[in-house]
Structures are given as structure tokens and as C-alpha cells.
Amino acid sequence: MGNPLERSQADRCLFLTLLLWPLLSVGHYVWYQEIMSRPHEATAVWDFTLLVAECLTWIIRGWVVLTLLALALRKVWPDSDFFPFAACTLYALTTSMLCYGWGPTTTYFLGFATIGGLIGGVLIFGWTPTLVSSVLCFGSLIGADVAAYHGVIPYAPVYRTLVAGGAGMVQPDAAWLVRTWIGAIGGCVVSASAFGYIFHRWHRREDDLARAQQQLSHAMDMIRRYVPAQLADQILDGRYSEKERYVRRTLTLFFSDIRGFTETADQLESEKLSELLNEYLTEMSDIAESFGGTIDKFVGDAVVIFFGAPEPMEEKEQALRAVRMALAMQARMGELSKKWYESGIQTPFEIRVGINTGAATVGDFGSEGRMDYTAIGTQVNLAARLESQCTPGKVLISHATWGLVHDEIACTPRGEIQVKGIHYPVKVYEIEADATAPSEDTR
């Protein structure tokens, strides 16, 4: 059933009944057989012993009935008040009958049973049904002791039958009752102290766990700020293995930067520049995450993103996502430029984008004490070179990327270019910022 405190009232009642009535049944059967095997005489002690046994038999039947009711009605009335009041009342009757039959302090049963039931009842069912049943329990016990003191009923008939052989007091005196209740109260104090300490430690542990969970949540948010979100999720879920520190994989690589960023920066105060740059990077990051891109790094005003790692992605899908992301960024950049111009920025930002698809090595690179999750290789350098050759406001892609997206996105051939670090001409294609409108179902 799991943790009963997280369940409905019916399930909590079912948990308690399934725990108690088998134990009560076994215990009752054992000592009832012991009683019937003893030689006996028709005395008041014997008669009340049989009465206690009969009452306990009916109480155990009540537990069984309550178990069946909780099982049958747990879906119909899961949080009905009937279940906590019925369970607490049956517990009070069980405790009262056992305490009377065996004597409150003869077996030291009263302190442990009542305080244990009180604390358990409060935790499982709440204060109201627990207090009502406690009044019933203590009231019946006090009434039984008063009746025994006046000779109406014998004291501890079951104990005297099984242990004392029927001997002992037929009628307790006042001193005996005082000792009885002093012992009972002492047992209650000891039990309450023990349970109080346990539950105090338990609540402290719960508070510590809550604080640790809050700190972990904060740490997770911080981790996601400094490493790619997909990688952070894998690390936190325990799915990232340090044994495979890097892999060779086909990626679609995206590079962008701001045209004339240095000149624009010279015209702005540092606070205003920081505000604009942070707003720009936030907007671009949100768009990248919406398309499932892995943000590699920010290098000043440059943004590096790739698709296909850490989670593998089909080549055509990653290329389409990268190009549509680039178009969404250019569209958003137009809106931001207009906003910044109207706020007094004379030369708003414009970005240029380069995209390439090819095999690269991706994984952890760095020292033992400091790692970066990034991609390296010739194809990464090519994407960076394409970005530097791109016209501001446009998107420049390689032939490899074009082969994956041209059937869905209009591309304009721009011939071949020679880029640094590549020993052969590279055929490139340009995509206008309004070549296609990215929609939610294509992300």
C-alpha cells in the first residue's frame, strides 16, 4: 500500500485493520485456548474472564467487518469521516478491554497501548477522531477501576486466571488503585517521551529533506544555467556516463554573432550594453530551447548551438530544426531592433547566421577539474566560417545542410566560397529571413 500518510482515509483505515486484526486474532486464540485448558470453578473471576474473551471475539469481528467495508468502499467514499472514527473507536474498545482483562499496570499495557494509539491516531487520522476515542478509552478504564474498587466487578480477571491462578485481590483497595494509575501514568510518560523523541527526529528529518530538496532544486536551476539543459537533465537523472566522454556523431551546427557589435558597444554605456546583450541572449536561448537545440556556449555576442547531441536526432530533423530556429531568431531580432531603435539606440543589432551539417566529435573536453561539453572538428569550424561570410539578417548554410532542407525551405544558391582552414571550395546557400514561417508543429 505504500506510505499510509499519502493515502485516502479509507486506505489508511484499511492499512490499520490489516495490521491489527490478524495480530489480535492470533493472540486472542492463543490465550483463549490457554484459558479453556485450565481447571476452573464457577467464580466471578472466571465468569468475567469468559466475558472479556467473548467481548474481544466480537471486537475482532468488528475489525474484520471494518476491513471489508474499507476495501469495498475505498473507491466510493475514499475520504469519508466514517473510517477514521470507526477505526479509532474500535482501537479504544480493544485497548479498554485488554487493559481491564489484564490490569493496567499488571502487564504495563496501558501506557504503551494508549499513548502509542494516541500518537499513531493523530498521525494517521487526525486529532478529532483520536481525542474522541481517547475519551472513550480512558473513561471506560476509570469506570472499570471504580467498579472494581466497589466490588461490582473483579480486577484483572484474565491475568488472575492465567497468571495468578485465580488468586489475588477480588476487590482492590484505594492504595492499589493509586499505585495502578501512578504506574499507568508513568508508562504513559515514558511512552510519550519515547514517541515524542522519535517523531521529533522524524519531523526534523522531514524538514531537513524539504530544505535539501529546495537546495537541490535551486542547484538544478543553477546547473541548467551553466551547462546545456539536455545534458543537465541527463546528469540529474543519472543517465550520463563519464565512461563515454566523447563520441563521433553527425551534428547540425549553428553559429551566430552580431554585426558591428564592437562599434555599437562603443556608443553605449556599459549598463545599457549589458542590458541589451542579456535581453538578446535570453531571447535567442528561449528560441533555441523551444526547437530542442543544445546551447554550446556564448562567446561575447556569439552564440553556438548544435542539434543531434546529447540526445541523438535524425539528420533531416536536426537540420530542419536548426534552419527554422535560425529563421525564428532573425524574425525576433527584427522585432527587437525596432524596439531598441524606438528606445533611442541609433544602431540596433543585426545578426548573421551560419549552419552546417557534418560529423563532429562531441563530449567533455578540458582538464580533470574543469570540463566543457562541446563539439570540435572541421565541420564545426566550417559552420563558424559560414557565419563570418553571411550577410547580416540572412542565414547561410552549407551544401550538406541544403541537401536535407531544400525540399521544405526555399534556398538561394550563392556559389562557392573559399574559407580559411578548408582546402576546397564550399558551395553555400542563402535563406531569406522570411523564407518560411516556423510553426509550433514543426518545432
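Student: Which residue forms a salt bridge with R352 at 3.4 Å between the closest N and O atoms?

Tutor: In this predicted model, R352 sits in strand 4, and the partner lies 35 residues away in helix 12 (residues 378–389). So the pair links distant parts of the chain, and the partner counts as buried because its relative accessibility, 9%, is under the 20% cut-off. With 3.4 Å between the closest N and O atoms, the residue bridged to R352 is E387.

Student: Which residues are linked with R352 in a network of salt bridges?

Tutor: R352 also forms a salt bridge with D257, with the closest N and O atoms 2.9 Å apart. That pair again joins distant parts of the chain, strand 4 (residues 351–366) and strand 1 (residues 246–258), 95 residues apart. Since R352 bridges to E387 as well, the residues linked with R352 in the network are D257 and E387.

Student: Is D257 buried or exposed?

Tutor: Buried means under 20% relative accessible area. D257 comes in at 13%, so D257 is buried.

Student: How many residues apart are E317 and R321 in helix 11?

Tutor: Their side chains meet in a salt bridge, 2.9 Å from N to O. Both residues lie in helix 11 (residues 315–342), with about one turn of the helix between them. That puts E317 and R321 apart by 4 residues.

Student: Of E317 and R321, which one is buried?

Tutor: E317 has 33% relative accessibility, so E317 counts as partly exposed. The other has a relative accessible area of 18%, which is under the 20% cut-off, so the buried one is R321.

Student: How many salt bridges does the count come to?

Tutor: The rule asks for a Lys or Arg side-chain nitrogen within 4 Å of an Asp or Glu carboxyl oxygen. R352 with E387, at 3.4 Å, is one such pair. By this rule the salt bridges number 15.

Notes
Residues are numbered from 1 along each chain as its sequence is written. This is a predicted model: local features need pLDDT of at least 70, side-chain atom pairs count only at pLDDT 80 or more; totals for chains, interfaces and linings use all residues. Side-chain values use heavy atoms; hydrogens and water are left out. Helices (H or I, at least four residues) and strands (E, at least two) are DSSP runs, numbered from the N terminus. Buried means under 20% relative accessible area, exposed over 50%, partly exposed in between (1.4 Å probe, protein chains only).
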